[in-house]
Amino acid sequence: MTLLDRLALRLPIIQAPMAGVSTPELAAAVCNAGALGSIGVGATNASGAARMIDDVRRLTDAAFNVNVFVHNAPRRDADREASWLTALGPVFEEFDAAPPSSLKTIYKSFADDEDMLRLLVERAPPVVSFHFGLPEQAKVRALRQAGCVLIATATSPDEALAAKNAGMDAVVAQGFEAGGHRGVFDPVGEDAQLGTLALTRLLVAQAGLPVIAAGGIMDGQGVRAVLSLGAIAAQLGTAFIACPESAADDAYRKALQSDAAHHTVMTNAISGRPARCLRNRFTIWAESVTEDPPDYPVAYDAGKTVNAAAKAAGENGFGAQWAGGGAPLARCMGAVELVQTLETELAA
């Protein structure tokens, strides 16, 4: 039985989790259209995750994916954090706001979150996926015993091999074109920056796991291309941002339909980890800064505070407007219609 058969998926299409942008409504609509919908719970706690999982189950009987972040705990460095806030000082000043006196670790890693593990074992979503790394074996065993299919993101053959050795059922080959956070296990290590097609083919040949291709895929033709390379499915994120069911705000949607879509950039300034974003005021500011941001997610505390100050002053260019290299191909339509369109294009 293939992984798609195991999950009763009619289509080889996965909606990327996109923490902060995906919603239970988006995931359920995708599921009900025959693909695999996803929610990202890396930006919430176990209580918030429980509500999201329950909302998805209220809206669909189909399989769905719950994604968690498995990053290393940030190294706290008071001098580095103070230097970063000093660098951001002129930005806060522009919007008549004061920078915070200190920064917080706003998101807890699944590696350190026993409450999230208990919640996932109790709720037993059909799929649990991991980004930024792999959980310890005790967590893998607990989730497997609960009946969950386990999937990990890999940006290189070495990460894919680690995923196989950890007992994953499949691996997401995240190409450098992909929007949002790079799934690299070590954000300060060397990144081969492999593109989606090359990485997909490498992992199909070498990983020994079913491969899901991700990065820059926006239409049925792109899905068909990665299937021809041996992937079992394609994961699309940016393609779903413009759907009304997503949590993207009006400024994000407008930016996605603007010239900024043609100029996505990789930056670590917003969150402390490399992530692909629409070029905006924040990424332009980051190009001129020499200071290193604090570790993820401490830097994200600063980034979110800057964005709140800017939005309060009517400036929408400091948001985390994540998007992949295929952003100019984004289409404004409901999630069900988009999945149906992808299916038609795939079959053409």
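Start by selecting Glu 287: with 52% relative accessibility, this residue counts as exposed. Keep in mind as you click around that you are looking at a predicted model.

**Stop 1: the partner of Glu 287**

Now add Arg 279 to the selection. Glu 287 and Arg 279 form a salt bridge, and their closest N and O atoms are 3.5 Å apart. Arg 279 has 36% relative accessibility, so it counts as partly exposed.

**Stop 2: Arg 331 and Glu 345**

Next, pick Arg 331 and Glu 345 and show their side chains. Here is another salt bridge, with the closest N and O atoms 2.6 Å apart. Arg 331 sits in the loop between helix 13 and helix 14 (335-347), while Glu 345 belongs to helix 14 itself, so the pair ties together parts that are 14 residues apart in sequence. Switch on a surface if you like: Arg 331 is partly exposed at 22% relative accessible area. Glu 345, at 15%, counts as buried, because the cut-off for buried is under 20%.

**Stop 3: Asp 301 and Lys 104**

Move on to Asp 301. Which residue does Asp 301 form a salt bridge with? Select Lys 104 and you have the partner, with 3.6 Å between the closest N and O atoms. Asp 301 is in helix 13 (residues 298-312) and Lys 104 is in the loop between helix 4 (78-94) and helix 5, so this pair ties together parts that are 197 residues apart in sequence. Asp 301 is buried, with a relative accessible area of 8%.

**Stop 4: a network**

Select Arg 6, Arg 144 and Asp 169 together. These three are linked in a network of salt bridges. If you want to go hunting for others, a search of the whole structure finds 19 salt bridges.

**Stop 5: helix 3**

Finish with residues 46-59, which make up helix 3. Try a distance between its end C-alpha atoms: they are 20 Å apart, which agrees with the 20 Å that 14 residues should span at 1.5 Å a residue.

Zoom in on the N-terminal end of helix 3, where Asn 45 acts as a cap. One of its side-chain oxygens lies 3.2 Å from the backbone nitrogen of Ser 47.

Now colour the buried residues of this helix: Ala 46, Gly 48, Ala 49, Ala 50, Met 52, Ile 53 and Val 56. What covers them? Bring up helix 2 (24-32), strand 2 (37-40), strand 3 (64-69) and helix 5 (114-123), which are among the elements covering those buried residues.

Key: Residues numbered from 1 in each chain as written. Predicted model: local features only at pLDDT ≥ 70, side-chain atom pairs only at ≥ 80, totals over all residues. Heavy atoms only, no water. Helix = DSSP H or I, 4+ residues; strand = E, 2+ residues; numbered from the N terminus. Expected span 1.5 Å × (residues − 1). Buried < 20%, exposed > 50% of the residue type's maximum accessible area, 1.4 Å probe, protein only. Contact = heavy atoms within 4.5 Å. Polar contact = N/O pair within 3.5 Å; in protein donor to acceptor, adjacent residues only side chain to side chain. Salt bridge = Lys/Arg side-chain N within 4 Å of Asp/Glu carboxyl O.
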